[in-house]
Amino acid sequence: MIEGLIIGILEQGLIYGIMAMGVYITYTILDFPDLSVDGTFPLGIAVCFVMVNHGLSPWLALIAAFAAGCAAGMFTGLFNVKLKIRNLLCGILTMTALYSVNYGIVGKASDFLSMDTTTIFSQTEFLFGNGHMAMYSKLAVILVITLAAKFALDWYMRTKSGFLLRSVGDNEGLVVTLAKNPGTIKIIGLAIANGLVSLAGAVYCQYGRAFNVGSGTGTVVMGLAAVIIGTTVFRKVKFMRITTGVLLGMVVYKACISVALAAGLPAQNTNLMITLLFIATLVINEFVLKKRKAGVSKNA
Amino acid sequence: MCRKMLELSDIHKTFNRGTIDEKVLFSGFNLTIEDGEFVGVIGSNGSGKTTMLNIISGDVAADSGSVILDGVKMNGMKNFKRAKKIGRVFQNPSMGTCPSMTIWENMSIADNKGKTYDLSFGLNRQRKDFYRSQLELLGLGLENRLSAPAGSLSGGQRQALALIMATMIRPDLLLLDEHTAALDPKSSDTVMMLTEKIVREKNITTLMVTHNLRHAVEYGTRAVMMHEGGIIMDVSGEEKKNKSISDYLKVFNEISIECGN
Ligand SMILES: Nc1ncnc2c1ncn2[C@@H]1O[C@H](COP(=O)(O)OP(=O)(O)OP(=O)(O)O)[C@@H](O)[C@H]1O
Ligand SMILES: [Mg+2]
């Protein structure tokens, strides 16, 4: 019972962790509060749902969902860079448009995958035989995908292109003096971020085997909570990359929710709980940040 | 010798045209800078020094007139495109570096200017020793802190780093806007000496705005004084060498009297 609960927390934490890494790119690196996430997560679900429902490769479906998320993120970036719409509004526009798009892709508001649909999990069901260990097979597959995404992102951040992405959020003016167009870099960053979010949606689709057009609500808040936990609580740990912290942040977050539910919190109150948890992390964040800033000015 | 590096001709600029805040700044402003000149620009507050630099860099568009850099007309060209030929350091020390990136990362990114920012490794390992030697020349102890985030440096240290970064790939034109103004007198002199050294060694045509009269007197090959969108004094060569701070102050006082203060 406890073992199952823990496995469930880890599975969900790691899937949503991929999404949180996307939020980390926009919120922390680009300093762009991107609400498209609430639409690109279900976009990933929708794209993946239709593909595996038609018997296409479930792995191909992950790649397609990533690409679809990239395209959606590019729109958010284009709204901001080319049409000069304020960043918060850009995300809201994309999110709103995606509601219709996602509905259109699947053709109805909600649907389930039939039991005989091939998914990445059905293909790997007996990875560890059919004994007690079989309950770890899903977690193993999720772990591989999440770590692949994490290492890819870590690697990208250390490339020249990744350096530019980091500097555009840090100091846009410097990017201009380097003779690069900050707008283009912002668009690339938003594309990668939403690609990751949509990839998370695609994994979640095969995991939960369901599509619901409204399932994106609250995704960005969840992602932000994980990012803030990851960048404050786990920042203290030496030699740990922030992406690892963000993944762990999401696991912690999911654990809190699961424990609350198991302790008898009515499911309809989870959003309230999410908000409270979010405010709590923000308050902690503020407290920790202020302390750190005070420390820096002492050095200066 | 007499190749023109920068030519501003007949520049007009009015801010908030047609409103109650209308401000005519430039009406027929001209300035020509030859290749290799190191021009110090001084002038009263609001005389248009920063706006002039912004018109050159493309951050502000002039209403009319032309900006010609090294024989190429810059009008209508985006700021980041012009930046291929221009290096710039601002007054605010946090504007010249990326605070969350390390010194090494900052230097690597500046060293790649003009090339593509592709998927190859961002840190420049081959040039690490070179970077270290550059930092060593500053005498600020930065050579041992390559892995420290730039945000953890003091204003003077950051400004010195910004200057090294802006000139790492030799620009055709270097724009400095009161780049020592935010620093204490000692750091200010350190950064000014570094500026002189880099500009000399790399032979970079430089336009330096400063409020420090002493810097304008001691450094540079030419001094320009601006007032209300015009140039009221322009000296170079022997004439400049013979001018002292008090000569500049005299002109400054005259313009203040004109304004009725
Ligand atoms: N964006 C703007 N909108 C309206 N007025 C402006 C704008 N930028 C500059 N000005 C006006 O143009 C004039 C020149 O400003 P500028 O910043 O170029 O002066 P400056 O010589 O750099 O002054 P300082 O020595 O204070 O830095 C000022 O009167 C200023 O109010
Ligand atoms: Mg100024």
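Contact here means heavy atoms within 4.5 Å. The model analysed is predicted.

The domain assignment splits chain B in two. Domain 1 is discontinuous in numbering and covers 35-62, 76-97 and 163-251. Domain 2 spans 100-152. The C-alpha centres of these two domains of chain B are 25 Å apart. At their boundary, 12 residues of domain 1 of chain B are in contact with 12 residues of domain 2 of chain B. Together the two domains of chain B bury about 1000 Å². Carbon and sulfur atoms account for 73% of that area. No salt bridge crosses this interface; the count is 0. Polar contacts between domain 1 and domain 2 of chain B number 2 residue pairs, with both residues at pLDDT 80 or more. On the domain 1 side, three elements of chain B each supply at least two residues: strand 6 (86-89), helix 5 (155-168) and helix 6 (185-202). The residues of that side comprise 7 nonpolar, 3 polar and 2 charged.

The interface between the chains was examined next. Here 20 residues of chain A are in contact with 32 residues of chain B. The buried area between chain A and chain B is about 2300 Å². Of this, 67% lies on carbon and sulfur atoms. There are 10 residue pairs in polar contact between chain A and chain B, both residues at pLDDT 80 or more. Three helices of chain A each provide at least two residues of the side that touches chain B: helix 6 (137-157), helix 7 (160-170) and helix 8 (172-177). Helix 7 of chain A gives the largest share, with 7 residues. By class, the side of chain A that touches chain B holds 9 nonpolar, 6 polar and 5 charged residues. The interface of chain A and chain B has 1 salt bridge. Arg166(A) and Glu105(B) form this salt bridge, and their closest N and O atoms are 3.0 Å apart.

Over all chains, the count of salt bridges comes to 21. Several are found within chain B. Glu218(B) pairs with Arg214(B), the closest N and O atoms being 3.5 Å apart. Both residues belong to helix 7 (residues 213-218) of chain B. Because they are 4 residues apart in that helix, about one helical turn separates them. Glu218(B) is partly exposed, at 47% relative accessible area. Arg214(B) is likewise partly exposed, at 32%.

A second pair joins two strands. Arg222(B) and Asp234(B) meet in a salt bridge with an N to O distance of 2.8 Å. Arg222(B) lies in strand 9 (residues 222-227) of chain B and Asp234(B) in strand 10 (residues 230-236), so the pair ties together parts 12 residues apart in sequence. The two partners fall into separate accessibility classes. Arg222(B) has a relative accessible area of 8% and is therefore buried, the cut-off being under 20%. Asp234(B), at 37%, is partly exposed.

A third pair sits in helix 8 (residues 237-241) of chain B, where Glu238(B) and Lys241(B) are 3 residues apart, about one turn of the helix. The N to O distance in their salt bridge is 3.6 Å. Both Glu238(B) and Lys241(B) are exposed.

Chain B also contains a network of salt bridges. Its members are Arg3(B), Asp35(B), Asp70(B), Lys85(B), Arg170(B) and Asp172(B).

Asp70(B) also has a notable backbone angle. Its phi is near 50°, a positive value in a residue other than glycine. Asp70(B) is placed in the loop between strand 4 (64-69) and strand 5 (72-73) of chain B. With 22% relative accessibility, Asp70(B) counts as partly exposed. In chain A, Arg209(A) has a positive phi of about 55° and is not a glycine either. Arg209(A) occupies the loop between helix 9 (182-208) and strand 2 (210-212) of chain A. Its relative accessible area is 17%, so Arg209(A) is buried.

How values were computed: Residues numbered from 1 in each chain as written. Chains lettered and ligands numbered in written order. Predicted model: local features only at pLDDT ≥ 70, side-chain atom pairs only at ≥ 80, totals over all residues. Heavy atoms only, no water. Domains from an automatic or database assignment. Buried area = accessible area lost by both parts, 1.4 Å probe. Salt bridge = Lys/Arg side-chain N within 4 Å of Asp/Glu carboxyl O. Polar contact = N/O pair within 3.5 Å; in protein donor to acceptor, adjacent residues only side chain to side chain. Nonpolar A, V, L, I, M, F, W, Y, C, P; charged D, E, K, R; others polar. Buried < 20%, exposed > 50% of the residue type's maximum accessible area, 1.4 Å probe, protein only.
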